[in-house]
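Look over the sequence and the model below. The report follows in short sections.

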Amino acid sequence: TGTVGVTANGTVTGTAAEGIKATGNDAVTVSVADTVTGATRGLSLIGGTGGAGNISVTGTGGFVGGTGDAANILNNGSGTVTVDISGASSSTGGEGIKVRDTAAGGDISVTTGAVTALTAGMDGIDVQSLSNTANVTIVANGDINAGNAGLVGAIFPAGATGNIDITANGAINARFGVDAENFGTGNTTVTTVGPVAVTTGNGIFASTNGGNVTVTAGDVTSTGNSAIIGRQSNAAGAGAVDITAGNVS
């Protein structure tokens with residue numbers, strides 16, 4: 001029932017499995033000062049099973065996955081998840097930064113540097129919540145390159161009240177740029193500062209089932225689909241849709 005904590009002050013290399021694997025029934029904290037590399041995943045973290053402790057992944061380092069994700073984080077409890085890393089993360093065969101919770105989960109906040117996950121079907125940053133109350137916040141401070149979606153933020157319960165807020169400060173190059181889908185009644189906000197360039201997917205897709213949708217974008221290009229979609233999908237909802245963009249193609 002105690003806290004699990006891992007602090008890595010140098011590089012970490014897992015030659016047969018993960019770089020770091022941390023599992024706990026309450027709070028789990030991981031701090032990395034340099035690159036953590038795994039043959040499978042760079043980081044596997046499961047926390048909060050039967051508990052209310054917070055999950056925290058911080059530091060100036062980043063994660064590198066081989067056959068698996070760069071970082072895979074699951075919150076089984078009612079605490080929050082905070083990822084705040086400034087180093088670059090990447091995966092050869094998996095996703096970049098992947099975060100999941102359960103219906104009990106609290107807020108999820110992910111801040112990263114550059115993320116690369118170029119294998120077909122793999123997302124750069126993928127955060128999905130099953131909670132009725134959690135907010136999902138993603139800030140990408142570096143370029144995002146992905147085989148599927150660059151950034152995914154989703155809240156699934158129809159009765160959810162949480163908000164989605166996604167900011168991309170670097171460039172996005174992927175099949176699908178930003179996928180921000182709120183099936184609850186909260187707000188959805190997407191801000192892209194750098195250029196978004198995608199192939200067969202949408203450049204930006206932002207939706208909610210009753211709240212406001214706000215998209216503030218720089219240049220957005222999609223060669224095979226819509227550049228920007230903003231949608232408030234509840235006919236009885238009072239939410240507004242507001243889109244501002246630079247050059248759109």
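## Thr-167 and its surroundings

In this predicted model, Thr-167 is found in strand β19. The residue counts as buried: its relative accessibility is 18%, and the cut-off for buried is under 20%.

What does Thr-167 touch, leaving aside neighbours within four places in sequence? Its contacts are Ile-138, Val-139, Ala-140 and Thr-191.

## The parallel sheet

An open sheet is built from 9 strands. Their order is β3-β6-β9-β12-β15-β18-β21-β24-β27, and the pairing is parallel. Two strands form the edges: β3 (20-23) and β27 (228-232). Each of these pairs on one side only. From one strand to the next, the twist averages 5°.

One pairing in detail: strand β6 (residues 43-47) runs parallel to strand β9 (residues 71-75), with 5 bridges between them. Here Ser-44 stands opposite Asn-72 in β9.

## The aromatic pair

How many aromatic pairs does a search of the whole structure find? It finds 1. The partners are Phe-156 and Phe-183, with 5.6 Å centre to centre and 15° between the planes. The pair counts as stacked because planes under 30 degrees apart meet that class.

Both partners sit in loops. Phe-156 lies between β18 (149-155) and β19 (164-168), and Phe-183 lies between β21 (176-182) and β22 (188-192). The pair therefore ties together parts that are 27 residues apart in sequence.

Are these rings' residues buried or exposed? Phe-156 is partly exposed, at 36% relative accessible area. Phe-183 is also partly exposed, with a value of 36%.

Key:
Residues are numbered from 1 along each chain as its sequence is written. This is a predicted model: local features need pLDDT of at least 70, side-chain atom pairs count only at pLDDT 80 or more; totals for chains, interfaces and linings use all residues. Side-chain values use heavy atoms; hydrogens and water are left out. Rings of Phe, Tyr and Trp (its six-membered ring) pair if their centres lie within 6.5 Å; planes under 30 degrees apart count as stacked, over 60 as edge-to-face and the rest as tilted. Helices (H or I, at least four residues) and strands (E, at least two) are DSSP runs, numbered from the N terminus. Buried means under 20% relative accessible area, exposed over 50%, partly exposed in between (1.4 Å probe, protein chains only). Contact means heavy atoms within 4.5 Å. Two strands pair if DSSP finds at least two bridges between them. Axes are lines fitted to C-alpha atoms, for helices over the stretch in contact, and angles run from 0 to 180 degrees between N-to-C directions.
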